[in-house]
Structures are given as structure tokens and as C-alpha cells.
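Here is a report on one protein chain. Look over the sequence and the fold before reading on.

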Amino acid sequence: MWRSCLRLLDGERRLLNRPRGGLAASVGPGSNPQPPARAYVPPTERKRFYQNVSITQSEGDFEINLDHRKLKTPQAKLFTVPNEALAIAVATEWDSQQDTIKFYTMHLTTLCNTSLDNPTQRNKDQLIQAAVKFLDTDTICYRVEEPKTLVELQKNEWDPIIAWAEERYGVEIGSSTSIMGPSIPTRTREVLISHLASYNMWALQGIEFVVTQLKSMVLTLGLIDLRLTVEQAVLLSRLEEEYQLTWSQISSKSNACQSHRGVQSPQRAAAAPGSEPLHCSVGLTGLHSGGSCSYKDISFKGTS
């Protein structure tokens with residue numbers, strides 16, 4: 001889940017721009033306490049003040065050392081994480097910084113600080129409720145009624161994930177074109193709350209963060225159970241945006257094509273007797289079948 005959080009943040013900026021050489025670069029806040037918030041907002045940048053980054057184990061937890069200094073949280077607590085994999089990821093964030101420390105790239109450090117300091121003082125039940133509340137506005141449960149191509153795309157890409165979640169957890173979720181969204185049964189909430197209660201506070205901080213980024217409890221469940229990759233979850237959460245972007249690009253190519261050939265606009269061409277209007281065909285590939293959420297085989301046909 002923590003790896004998912006890191007990659008998810010990178011994914012929001014067209015995801016998965018992998019760092020050059022070595023492990024991923026990400027970082028968190030400075031040493032001064034921040035005002036209460038969902039998570040700490042790290043300072044922007046500062047000059048790198050350390051040469052080496054190392055990890056030590058103490059009483060079952062792992063600590064991060066910057067030269068001979070132990071890393072601390074914004075509330076001056078000792079920065080410790082519960083497993084070596086997370087410690088390596090955080091240490092890599094610090095080690096990957098160049099002459100200037102760019103705290104806004106250190107996502108795992110920030111999330112760990114939030115878990116350790118708990119600035120909003122939320123308990124386990126509150127974290128679970130914060131995640132489950134997204135069922136009411138889950139991205140993949142809200143559907144459009146037009147255009148037809150987007151309706152079909154949502155059905156093809158989102159329905160299999162909802163069907164999987166319903167079968168996996170034995171619940172009803174559904175979808176709706178109503179502005180009010182689908183009516184989520186009480187039992188569905190109870191089952192998912194019970195499931196999330198099996199995770200510890202560290203995991204719940206990560207889960208709640210992912211749900212907030214994807215705006216979807218269902219997609220997050222797919223990530224937790226490895227039904228979806230991070231790339232797939234991000235693209236599915238951005239399905240409508242990707243659709244709009246693709247058709248915007250199609251429109252631009254259409255205009256460029258017409259300009260190059262001296263072709264009339266589709267509207268004018270359609271009005272002109274004996275003319276052949278510009279046509280566009282778009283092939284879609286399905287994420288749920290292991291493909292990528294993309295629009296392929298875009299072709300334009302017009303008068304020559």
C-alpha cells in the first residue's frame with residue numbers, strides 16, 4: 001500500500017515517471033510543527049545539509065540517519081517505520097535529493113510523518129469512516145447519459161471492477177446516472193468497515209490517502225487486492241478526463257488535417273452538396289482485460 005501511495009502521487013502528474021538511476025525520490029516536511037491538517041504540508045525547498053543517508057534498526061523499528069543525525073518528525077518525535085522496505089524507500093527519498101532538498105517530492109516521508117504525529121488526532125475508526133464515506137461519491141459509480149461513446153467506455157471499463165468488488169466482498173454497490181449517485185446498502189458499508197478494521201493504523205493512513213487521491217473506494221479495494229495495478233487505478237479514476245483529452249486531440253488533428261488538405265470543417269462539408277464529411281474512428285482497449293486505458297487507431301478520412 002505504501003508503494004502504491006508513492007506511485008499514485010507520481011501518477012497524478014501522468015504517473016510513473018521513474019527516477020533516473022537508483023530508487024525513487026520523495027521527501028517530507030521540515031522540523032517545525034505544522035498546523036492541523038489531513039497530512040503535513042512540507043516546506044518547498046532547502047539546501048541539502050547532509051552527505052550520507054543510512055538505516056538502523058532499533059527495538060524492531062527502523063530509523064533513518066542523515067549523517068550522524070537521526071531523522072525527526074515535525075513534532076520532534078524520532079522518525080521510525082515498522083519495516084525495512086518502507087525504511088529503504090524513505091531513505092532513498094532523502095538520498096535522491098541533489099544540492100537542493102525538494103520536500104514536495106518526498107511523498108512517503110510526508111505520509112510517515114502524518115502517521116507518526118497524527119496531526120489531526122484521528123483514531124482508527126475515524127480513518128475507516130473517512131475512507132468508506134467515498135462510497136457515496138465513488139468516481140466509478142457515477143455515470144453519464146451521453147455522449148454514447150463515453151457511456152460505453154464507462155460501462156466497459158468500470159462495470160467489471162464493480163462486479164469484481166461485489167463478488168469479492170459479497171456486497172451490492174451498483175452505479176447510477178442520477179446526480180445523487182447510487183444508493184449504497186447499509187450492509188455494504190458494514191462489510192467494508194469490518195474489512196478495513198483488520199488493518200493497522202499505518203496501513204489505514206495509506207489506504208485513506210489512496211482513496212482520497214482516486215476519489216474511489218472501489219478502485220482502492222482493487223489496489224489492495226492486487227486486482228489493479230497503480231497505473232490502471234489512476235487511469236480508471238481519470239477515465240472521463242482522458243476521454244475529453246483524447247477527443248480534444250482528435251479535434252486538433254482534424255483541424256490540422258483539414259487545414260493541410262484545404263478541407264472544409266465537418267459542419268460546412270456536411271452542408272455542401274456532394275461533399276464527403278470528415279470522419280473519425282476511435283478504437284478502445286479495455287483496462288479490465290489487461291490493456292491500457294487509451295484510445296488507439298485514430299484515423300481521419302476526408303476529401304482529398
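## Overall picture

Of the 304 residues in the protein, 43% are buried. The model is predicted. The protein has eleven helices and eight strands. Take the contacts between residues at least 6 apart in sequence: 64% of them join residues at least 24 apart.

## Packing of α3 and α7

Helix α3 spans residues 107-117. Helix α7 covers residues 201-214. Two packed helices are described by the angle between their axes and the distance between the axes. Here the axes of α3 and α7 come within 10 Å and cross at roughly 130 degrees. An angle from 65 to 115 degrees would count as roughly perpendicular, and one over 145 as roughly antiparallel. The crossing falls in neither range, so α3 and α7 are oblique to each other. The crossing is right-handed.

Which residues make the contact between α3 and α7? From α3 come L111, C112, T114, S115 and L116. From α7 come W202, Q205 and F209. By class, this contact holds five nonpolar and three polar residues, with no charged residue.

## The loop between α3 and α4

The loop between α3 and α4 contains N118. Phi of N118 is near 45 degrees, a positive value in a residue other than glycine. Is N118 buried or exposed? Its relative accessibility is 15%, and the cut-off for buried is under 20%. N118 therefore counts as buried.

R122 lies in this loop too, between α3 and α4 (124-132). At 16% relative accessibility, R122 falls under the 20% cut-off, so R122 counts as buried. What does the side chain of R122 contact? It makes a polar contact with the side chain of E208, at 3.3 Å.

## Helix α4 and its cover

At the start of α4, a side-chain oxygen of N123 reaches to within 3.2 Å of the backbone nitrogen of D125. Further on, L127, I128, A130, A131 and V132 of α4 are buried. An α-helix has 3.6 residues a turn, so residues three or four places apart point the same way. L127, A130 and A131 are among the buried residues of α4.

What covers the buried residues of α4? The cover includes α6 (186-196), α7 and α8 (217-224). Helix α7 thus appears in two settings: its axis crosses that of α3, and α7 is part of the cover over α4.

## T92 in α2

T92 sits in helix α2, residues 84-95. Its relative accessible area is 7%, so T92 is buried. The side chain of T92 reaches the backbone oxygen of I88, at 2.7 Å.

S54 is 38 residues from T92 along the chain. The C-alpha atoms of T92 and S54 are separated by 9.3 Å.

## Backbone details in two loops

Where does the cis peptide bond at P147 fall? P147 lies in the loop between α4 and α5 (148-169). The peptide bond from E146 to P147 is cis, with omega near 0 degrees.

A76 is in the loop between β4 (69-70) and β5 (80-81). Phi of A76 is near 65 degrees, a positive value in a residue other than glycine. N118 also has a positive phi. Their burial class is not shared: A76, at 54% relative accessibility, counts as exposed, whereas N118 counts as buried.

Conventions. Residues numbered from 1 in each chain as written. Predicted model: local features only at pLDDT ≥ 70, side-chain atom pairs only at ≥ 80, totals over all residues. Heavy atoms only, no water. Helix = DSSP H or I, 4+ residues; strand = E, 2+ residues; numbered from the N terminus. Buried < 20%, exposed > 50% of the residue type's maximum accessible area, 1.4 Å probe, protein only. Polar contact = N/O pair within 3.5 Å; in protein donor to acceptor, adjacent residues only side chain to side chain. Axes fitted to C-alpha atoms, helices over the stretch in contact; angles between N-to-C directions. Parallel < 35°, antiparallel > 145°, perpendicular 65-115°, else oblique. Left-handed = near helix turned anticlockwise from the far one by under 90°. Contact = heavy atoms within 4.5 Å. Nonpolar A, V, L, I, M, F, W, Y, C, P; charged D, E, K, R; others polar.
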